[in-house]
Amino acid sequence: MTANDTDTDILIAGGGLAGATLALALARMVPQLRVTVAETFPLASNAEPDSYQPSYDARSTALAWGSRLIYEQLGLWPALAQHAAPIRHIHVSDRGHFGAARLHAAEYRQDALGYVVDNRWMGLCLVRELLKTQVQWLAPAEVTDMTCHGDNVRVTVTTAGEARELSARCLVVADGGRSDLRERLGFQIRHQPYGQNALIANVTTADSHQFAAYERFTDSGPMALLPHGSPTCASHQSALVWTLSNSELEQVLAMPDADKCTRLQQRFGWRLGRFTRIGECNHYPLALTLVDNPVRPGVALVGNAAHSLHPVAGQGFNLALRGLMTLVEQFRLASEQGCNPGELAVLQRYQQLHQSDRVQTAGFSDSLIQIFGSPLPPLAAARDAGLMGLDLVPAAKRWFAGNAMGLGGRKARIQRPGSHNSKALSHD
């Protein structure tokens, strides 16, 4: 079967934030490739962001500055920015200890260190742009199997209970950290449970956040409060990520909202004044999940299907964006050279280029949990010294800021059609 005999060139299993971003990047950067997205949920009846109404209980994603640069390159940032609360200050502290580190965007001549954007808003903006492209959507539809046939793959897609086969040159699995397709295809994962859960909610405090993000390490696990709401007027809303043990999670979920706020106050402190409201609480178990070999002939895993990290450093989705752009870079080069994008050599090159970033970012997130989760006095003293050092040593602070802003990862060289110069995309 030749390339022209296939139904599509790239079939993306999963149309969430990662899958939709990949589809948009391919449409922008490699328009000669035919792209199809299979998504289990139906498209919104009205994908126009003009219909968007911000919700207090919306779940959100922290985008680093480097991720903003990616979305700028894709032409999506002006839309995203309409509801992106900037992070202009970061305060890192260890409960019960003196050490603290502080970062300020102005010190690096940037408008922000990162941004907090509601997932639904990001999804609407992505879909609106994708509907203007030649990307084909199959929704609701689920990819349930794949087999290799020579240089191409046969993919089973189930819609309304009926299965059919599509041929493609490459399947990209982007259906999340609990990927059923990953399991069916037999990819081996390393799964390290932390014995903790992330409780996600939006909260209101008596004091305005003033566009500051707080990372607070406690003896029961880290918690983060990120500025949420208006991108121009500092509000009293913050997005909470609260790490809890299994028993603590059960206790907190059973509490009335007022008691939840009291418990949160005890753990976080008074930097934002009194907690006055907590919204709908979502939660999920925390684990480090890595697929050591996320590529095979004709198939590649991306995003949470390839790696799921502890949210302590807020690096998961930003790492995924870097990987997506590295994959787009390899697809573009393969297309220019007349190669099959599903060739193992093409996909292995993507894996090799992204591997060090994956290992370093996963290791950094995991080490924070190990170091700040230990009650041993020597480690507590070392944490104090380390946090104070970050505040006092310019080189260490620049390194920490670079990672927080998503500027430490590999930069993909992407040349847009019609451009004679390759442009580097910073990936977080």
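**Strands, helices and cysteines in a predicted model**

Colleague: Is His91 buried or exposed?

Modeller: In this predicted model, His91 has a relative accessibility of 12%. The cut-off for a buried residue is under 20%. The value for His91 falls under that limit, so the residue counts as buried.

Colleague: Where along the chain does His91 sit, and what separates its C-alpha atom from that of Arg102?

Modeller: His91 belongs to strand S5, which covers residues 89-94. Arg102 is 11 residues away from His91 along the chain. The distance between the C-alpha atoms of these two residues is 4.7 Å.

Colleague: Which residues of strand S4 are buried on each of its faces?

Modeller: In a regular strand the side chains alternate between the two faces of the sheet. Strand S4 comprises residues 84-87, and both of its faces are covered. One side carries the buried residues Ala84 and Pro86, while the other carries the buried residues Ala85 and Ile87.

Colleague: Which residue of S7 stands opposite Pro86?

Modeller: S4 pairs with strand S7, residues 114-118, in the antiparallel sense, and four bridges join the two strands. Within S7, the residue opposite Pro86 is Tyr115.

Colleague: What span should helix H4 have, and how far apart are its end C-alpha atoms?

Modeller: Helix H4 runs over residues 119-130 and has 12 residues. At 1.5 Å a residue, the expected span is 16 Å. The modelled helix agrees with this expectation, because its end C-alpha atoms are separated by 16 Å.

Colleague: How many residues of H4 are buried?

Modeller: The helix is mostly covered. Its buried residues include Trp121, Met122 and Leu124, and also the charged-group residues Arg128 and Glu129. Of the 12 residues in H4, the number buried is nine.

Colleague: How many disulfides does the model contain?

Modeller: A disulfide is a covalent bond between the sulfur atoms of two cysteines. The cut-off applied to a pair of cysteine sulfur atoms is 2.5 Å. Under this rule, the number of disulfides is zero.

Colleague: What are the relative accessibilities of Cys125 and Cys339?

Modeller: Cys125 is one of the buried residues of H4, and its relative accessible area is 0%. Cys339 counts as partly exposed, because its relative accessibility is 23% and the buried class lies under 20%. The values are therefore 0% for Cys125 and 23% for Cys339.

Colleague: Which residues does Asn340 touch, beyond those up to four places away in sequence?

Modeller: Asn340 is located in the loop between helix H8 (316-336) and helix H9 (344-372). With a relative accessible area of 9%, Asn340 is buried. Its contacts beyond those sequence neighbours are Asp151, Asn152, Arg169 and Val346.

Colleague: How far is the backbone nitrogen of Gly342 from a polar atom of the Asn340 side chain?

Modeller: The cut-off for a polar contact is 3.5 Å. The backbone nitrogen of Gly342 and a polar side-chain atom of Asn340 are separated by 2.8 Å.

Colleague: Which residues are the bridge partners of Arg190 in S17 and of Thr289 in S20?

Modeller: Strand S17 (residues 282-290) pairs in the antiparallel sense with strand S12 (residues 190-205) over nine bridges. S17 also pairs in the antiparallel sense with strand S20 (residues 307-308), over two bridges. The partner of Arg190 is Leu290, and the partner of Thr289 is Ser308.

Colleague: What share of the residues of the protein is buried?

Modeller: The secondary structure consists of 11 helices and 22 strands. The protein has 428 residues, and the share that counts as buried is 56%.

Terms used. Residues are numbered from 1 along each chain as its sequence is written. This is a predicted model: local features need pLDDT of at least 70, side-chain atom pairs count only at pLDDT 80 or more; totals for chains, interfaces and linings use all residues. Side-chain values use heavy atoms; hydrogens and water are left out. Two strands pair if DSSP finds at least two bridges between them. Buried means under 20% relative accessible area, exposed over 50%, partly exposed in between (1.4 Å probe, protein chains only). A polar contact is a pair of N or O atoms within 3.5 Å; within protein, one must be able to donate a hydrogen and the other to accept it, and residues adjacent in sequence count only if both atoms are side-chain atoms. Contact means heavy atoms within 4.5 Å. The expected span of a helix is 1.5 Å times one less than its number of residues.
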